[in-house]
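Subject: Structure for you to look at

Dear colleague,

I am handing over the structure below, and my notes on what was found in it follow. Please read them with the model open beside you.

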Amino acid sequence: MRETRLGAHDFILPLFVSEKAEKRRPIPSMPGVFQFSLNEIADEARRAQDLGLQAILLFGIPEKKDEQASSAYAENGVVQKALRMIKAKCPELVAITDVCLCQYMSHGHCGVTRIDGDHFHVLNDETVDLLVRMALSHATCGADLVAPSDMMDGRIGAIREALDASGLNETGILSYAAKFASVFYGPFREAAESPPQFGDRRSYQMDCANAEEALREVALDVDEGADIVMVKPALPYLDVLWRVHERFGKPTAAYHVSGEYAIIKAAVEKGYLDERAAVFEIMTALKRAGADIIVTYWARELAEWTRS
Ligand SMILES: [Zn+2]
């Protein structure tokens, strides 16, 4: 009689790989989440596959940052190296890569910036050119899907066109179609070492008050060729998730973000909540609200819990 059931295939595990780490480094605000070294990342991906997970979402932390994010599309960039090793070790595992420049930019913004006096601008088209290079580079190294998380205009179409022109038409696009400017990203920035050094991201992420605008953003990405559309964060945006799923009928993803994770972990640590029950309820709600797939830091545990 149960309408909504969870299984390992519902979940995507985010993995952080750092060029600077010799061995795994815990992220204090996200208990159980690590930055992995390049030596460990393929084994970690393999462990995810052995647990029954079908997909990972890979984020890179580069050694060097600059104002053109050049390590983001370098042939031997951290994600490029990690992808080759992961694909050699577990070719069946779906490798999705984050495509955004903030981790690779010395200023921590998601795009090329220009400063005029005390204002700064993120330059859309210059940024899209670099995102295209990054996506192509990931696809060439074996990414099954690229996941642009930047929210620049026109980037899905530009990436789709460039992939097709390079014979990479099998590479899909998971678009962060409705990404809200959110306080719940805080711990992630610690994990990915990507806080902006000045200003904030409100000029290119959406206002949490705007659901209609979210639908317009999703419509653009669908028109431009997104294969999967994602809503981020997850739990505070169940209404958006539901509307996206209903309106577009596309495979829809939800990203249960770092702050959402940290809240539960902190409550569990204090003995206020039962972790497993809380996580099941949240994930069931996300799926019920229209998420076909859920990106979550609990993916490993969920793979085990849903088996028993
Ligand atoms: Zn970014």
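**Strand pairing**

To start in the sheet, A178 has V231 of β10 as its bridge partner, and this is one of the points at which β9 meets β10, the two strands running parallel and being joined by four bridges. Please keep in mind throughout that this is a predicted model.

On another pairing of β10, the strand runs parallel to β11 (residues 252-255) over three bridges, with M230 standing opposite A253 of β11. All five of the five residues of β10 are buried, and both faces of the strand are covered, with I228, M230 and K232 on one side and V229 and V231 on the other. That division fits the general rule that side chains in a regular strand alternate between the two faces of the sheet.

Strand β9 (residues 172-179) is also joined to β8, by two bridges and again in the parallel sense, and here L145 has G172 of β9 as its bridge partner. Strand β8 in turn is joined to β5 (residues 94-99) by four bridges, the two running parallel, and V99 stands opposite P148 of β8. Like β10, strand β8 (residues 145-148) is covered on both faces, since L145 and A147 are buried on one side and V146 and P148 on the other.

**Helix α4 and a contact cluster at α9**

Which elements do the buried residues of α4 pack against? They pack against α3 (124-140), β8, β9 and α6 (211-224). The buried residues of this helix, which spans residues 155-165, are R155, I156, I159, R160, A162 and L163, a list that includes two arginines. In general, an α-helix has 3.6 residues a turn, so residues three or four places apart point the same way. Just after α4, G167 takes a positive phi of about 75 degrees.

In helix α9 (residues 275-288), the residue I would ask you to inspect is E275. The side chain of E275 makes a polar contact of 2.7 Å with the side chain of K265, and another, also given as 2.7 Å, with the side chain of W298. Leaving aside neighbours within four places in sequence, E275 is in contact with K265, V268, W298 and W305.

**Backbone geometry to check**

Most residues other than glycine have a negative phi, and most peptide bonds are trans, and the following places depart from that pattern. The peptide bond from K232 to P233 is cis, with omega near -10 degrees, and P233 is placed in the loop between β10 (228-232) and α7 (238-248).

Two residues that are not glycines have a positive phi. For A69 the value is near 50 degrees, and the residue lies in the loop between β4 (55-61) and α2 (78-89). For M151 the value is about 70 degrees, and the residue lies in the loop between β8 and α4. Are A69 and M151 buried or exposed? A69 is buried, with a relative accessible area of 0%, and M151, at 6% relative accessibility, counts as buried because the cut-off is under 20%.

**Cavities**

A search of the whole structure finds three cavities of 30 Å³ or more. The largest cavity has a volume of about 130 Å³, and of the 14 residues that line it, the closest to its centre are C102, K179, F188, R201 and K232. By class, this lining has five nonpolar, four polar and five charged residues. Two of the residues just named return from the sections above, K179 as part of β9 (residues 172-179) and K232 as the residue that precedes the cis bond to P233.

The second largest cavity holds about 60 Å³ of space, and its lining divides into eight nonpolar residues, one polar and one charged. The residues that line it are L13, P14, L15, F16, G32, V33, F34, F36, Y297 and R300. Strands β1 (11-18) and β3 (34-37) each supply at least two residues of this lining, and the largest share, four residues, comes from β1.

With best wishes

How values were computed: Residues numbered from 1 in each chain as written. Predicted model: local features only at pLDDT ≥ 70, side-chain atom pairs only at ≥ 80, totals over all residues. Heavy atoms only, no water. 1 Å grid on protein atoms, 1.4 Å probe; cavity = no way out; pocket = protein on both sides within 12 Å on 5 of 7 lines; lining within 4 Å. Points joined across faces, edges and corners; volume = space filled by probe spheres on them. Nonpolar A, V, L, I, M, F, W, Y, C, P; charged D, E, K, R; others polar. Polar contact = N/O pair within 3.5 Å; in protein donor to acceptor, adjacent residues only side chain to side chain. Contact = heavy atoms within 4.5 Å. Buried < 20%, exposed > 50% of the residue type's maximum accessible area, 1.4 Å probe, protein only. Pairing = 2+ DSSP bridges.
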